[in-house]
Every structure is written in C-alpha cells, then in structure tokens.
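Visitor: I would like to know how the labels on this model are earned. Please set each value against its definition.

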Amino acid sequence: MARHDYRELTAIFAGGALGSLARAGLATLAVPDPARWPWPTFVVNIVGAFLVGYFTTRLLERLPLSSYRRPLLGTGFCGGLTTFSTMQVETVTMIEHGHYMLAATYTVVSIALGLLSVYLATALVRRARIR
C-alpha cells in the first residue's frame with residue numbers, strides 16, 4: 001500500500017490555490033470575446049511557463065534539496081496559474097465563430113512562446129553565478 005506524504009500534498013494544494021486565485025484575478029480584467037486575443041489566458045500561460053522553467057531548474061540545480069519547494073511552486077502554483085484547458089476552449093470558441101486565423105495564431109504563438117519561455121528561464125538560471 002502506497003503512503004502519501006501529506007505535507008507534500010499540502011504544499012501542492014497551497015500552491016495550486018494561490019496560482020488559481022492569481023489566474024482568476026487576471027481573468028476578471030477582460031471580458032471573453034472570440035474575435036479578440038484572450039490576453040489574460042495568454043499572459044498567465046507564458047508567465048507560468050517561464051516560472052516553471054525557472055523554479056524547476058533553480059530548485060533542482062542551484063538550491064539544496066527540499067521536499068516541498070518544488071511541489072509548492074512548480075506543481076502547485078504554476079499548475080494552478082497556467083491553464084491549457086482554457087486555452088483549448090478559447091481556441092474552439094474562436095473556430096466556432098469563424099475566426100480561424102486568430103485561433104491558429106493563438107495556438108501556435110502560445111505553444112511557441114511557452115516553450116521559449118521555459119528555455120529562457122532555464123538558460124537564465126544556469127547562466128547565473130553560484131556564490
């Protein structure tokens with residue numbers, strides 16, 4: 001029978017709650033419109049991709065091992081902040097309203113900039129001097 005580390009699960013829960021609240025707060029800044037770029041989702045996904053690259057690299061390669069930082073920040077906070085499913089719903093809504101080019105551009109740019117953000121954050125952490 002598998003044992004769960006409830007402190008790790010608590011860290012994921014706490015980080016996820018904070019990330020979800022941050023995303024929900026940003027989502028209230030714009031009214032969804034399938035004819036326009038969904039900035040709140042786009043911004044949280046790109047920022048979240050950068051943060052997950054930063055946290056993962058920094059926590060694994062630069063800081064002493066901790067059982068709870070990565071679950072709190074990477075899995076929890078970044079998982080709660082980012083929202084691939086919302087991006088998909090927004091894309092389908094754009095397509096349903098005939099905004100095919102916007103939907104394609106949004107999908108490609110989101111994925112490409114997300115990957116670039118992770119790469120840049122990782123490179124930034126690895127480039128920084130260790131004191």
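Visitor: What makes Ser85, Val89 and Glu96 of α4 count as exposed?
Guide: Exposed means over 50% relative accessible area, buried under 20%, and partly exposed in between (1.4 Å probe, protein chains only). Ser85, Val89 and Glu96 are exposed, on the other side of α4 from its buried residues. The model is predicted: local features need pLDDT of at least 70, side-chain atom pairs count only at pLDDT 80 or more, and totals for chains, interfaces and linings use all residues. Residues are numbered from 1 along each chain as its sequence is written, and side-chain values use heavy atoms, with hydrogens and water left out.

Visitor: Which residues of α4 are buried?
Guide: Met87, Glu90, Thr91 and Met94 are buried in α4.

Visitor: How do you know that the buried residues of α4 line one face of the helix?
Guide: The arc is taken from the directions from the helix axis to the C-beta atoms. Down the axis of α4, the buried residues fall within an arc of 100°, so they line one face. An α-helix has 3.6 residues a turn, so residues three or four places apart point the same way.

Visitor: What do the buried residues of α4 pack against?
Guide: They pack against α2 and α5. Contact means heavy atoms within 4.5 Å.

Visitor: Why is α4 called a helix, and how does its span agree with the expected one?
Guide: Helices are DSSP runs (H or I, at least four residues), numbered from the N terminus. The expected span is 1.5 Å times one less than the number of residues. For the 13 residues of α4 that gives 18 Å, and the end C-alpha atoms are 18 Å apart, so the two agree. Just after α4, glycine 98 takes a positive phi of about 80°.

Visitor: What makes a space a pocket?
Guide: On a 1 Å grid over the protein atoms alone, a pocket is an open set of points with protein on both sides within 12 Å along at least five of seven lines; lining residues have an atom within 4 Å of a point. The largest pocket is lined by 20 residues, with Pro32, Pro38, Pro40, Thr41 and Glu90 nearest its centre. α4 gives the most to that lining, five residues.

Visitor: How many residues line the second largest pocket, and which lie closest to its centre?
Guide: There are 14 lining residues, and Asn45, Ala49, Phe84, Ser110 and Gly114 are the closest to its centre. The largest share of this lining, five residues, comes from α2.

Terms used
On a 1 Å grid over the protein atoms alone, a cavity is a set of points where a 1.4 Å probe fits but cannot get out, and a pocket is an open set with protein on both sides within 12 Å along at least five of seven lines; lining residues have an atom within 4 Å of a point. Helices (H or I, at least four residues) and strands (E, at least two) are DSSP runs, numbered from the N terminus.
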